[in-house]
Amino acid sequence: MRTRTRDRWAGVLAASLLIFASATWFNIAAAQSYDLVIQNGRVMDPETSFDNVRNVGIKDGKIVTITEESIKGKETIDA
């Protein structure tokens, strides 16, 4: 019984840390400046069935963030 409770709390702690890390990452990502920003683009990921409108930040030729937050870049494309 104690092992189940401990495992449950470990899972809650892990989920909490993941949520905190994600929130921190999105705040940092929103503060960055990108080489290219694609605003209001339809982003799809067939593996996870993700299909929504998001803003995409690209730096050094790589996608570094996909967010609902407003982001800035040297060049912006409104999709």
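Two strands pair if DSSP finds at least two bridges between them; β1 and β2, joined by 8 bridges, meet this criterion and run antiparallel. The legends below describe close-up views of a predicted model.

**Figure 1. The open sheet contains 4 strands in the order β3-β2-β1-β4.** Pairing within the sheet is mixed. Strands β3 and β4 form the edges, each pairing on one side only. Neighbouring strands are turned by 35 degrees against each other on average, with direction ignored. Strand β1, spanning residues 33–45, runs parallel to β4 and is joined to it by 6 bridges, whereas β1 and β2 run antiparallel.

**Figure 2. Confidence varies among the elements of the chain.** The average pLDDT of the chain is 80, and 61% of the residues score at least 70. Helix α1, residues 2–31, has the lowest mean pLDDT of the elements, at 59. The highest mean, 95, belongs to strand β2.

**Figure 3. Strands β1 and β4 are linked by backbone bridges and by a salt bridge between D35 and K74.** Bridge partners across this parallel pair include Y34 with G73 of β4 and L36 with E75 of β4. The side chains of D35 and K74 meet in a salt bridge at 3.5 Å, N to O. This contact links distant parts of the chain, as D35 belongs to β1 and K74 to β4, 39 residues apart. D35 counts as partly exposed at 25% relative accessibility, while K74, at 70%, counts as exposed. The latter value lies over the 50% cut-off, and therefore K74 is classed as exposed.

**Figure 4. The hairpin of β1 and β2 has 4 residues between the strands.** Within this hairpin, S49 takes a positive phi near 65 degrees. F50 has its place in strand β2 and is partly exposed, with a relative accessible area of 28%. Apart from neighbours within four places in sequence, F50 is in contact with V43, M44 and D45. R42 has V53 of β2 as its bridge partner, and the side chain of R42 also meets that of D51 in a salt bridge of 2.7 Å, N to O. R42 is exposed at 60% relative accessibility; D51 is partly exposed, with a relative accessible area of 36%.

**Figure 5. A salt bridge joins the side chains of R54 and E68.** The N to O distance of this pair is 3.7 Å. R54 lies in strand β2 and E68 in the loop between β3 and β4, so the salt bridge ties together parts that are 14 residues apart in sequence. At 16% relative accessibility R54 counts as buried, because this value is under the 20% cut-off. E68, in contrast, is exposed at 62%. Besides E68, the residues touched by R54 include I38, Q39, N40, G41, V43, I66 and T67, with residues up to four places away in sequence not counted.

**Figure 6. E69 occupies the loop between β3 and β4.** The flanking strands cover residues 62–67 for β3 and 72–78 for β4. E69 is partly exposed, with a relative accessible area of 46%. E69 and N55 are 14 residues apart in sequence, and their C-alpha atoms are 7.2 Å apart in space.

Note on methods: Residues are numbered from 1 along each chain as its sequence is written. Side-chain values use heavy atoms; hydrogens and water are left out. Contact means heavy atoms within 4.5 Å. Helices (H or I, at least four residues) and strands (E, at least two) are DSSP runs, numbered from the N terminus. Buried means under 20% relative accessible area, exposed over 50%, partly exposed in between (1.4 Å probe, protein chains only). Axes are lines fitted to C-alpha atoms, for helices over the stretch in contact, and angles run from 0 to 180 degrees between N-to-C directions. pLDDT is the predictor's confidence in each residue, from 0 to 100. A salt bridge is a side-chain nitrogen of Lys or Arg within 4 Å of a carboxyl oxygen of Asp or Glu.
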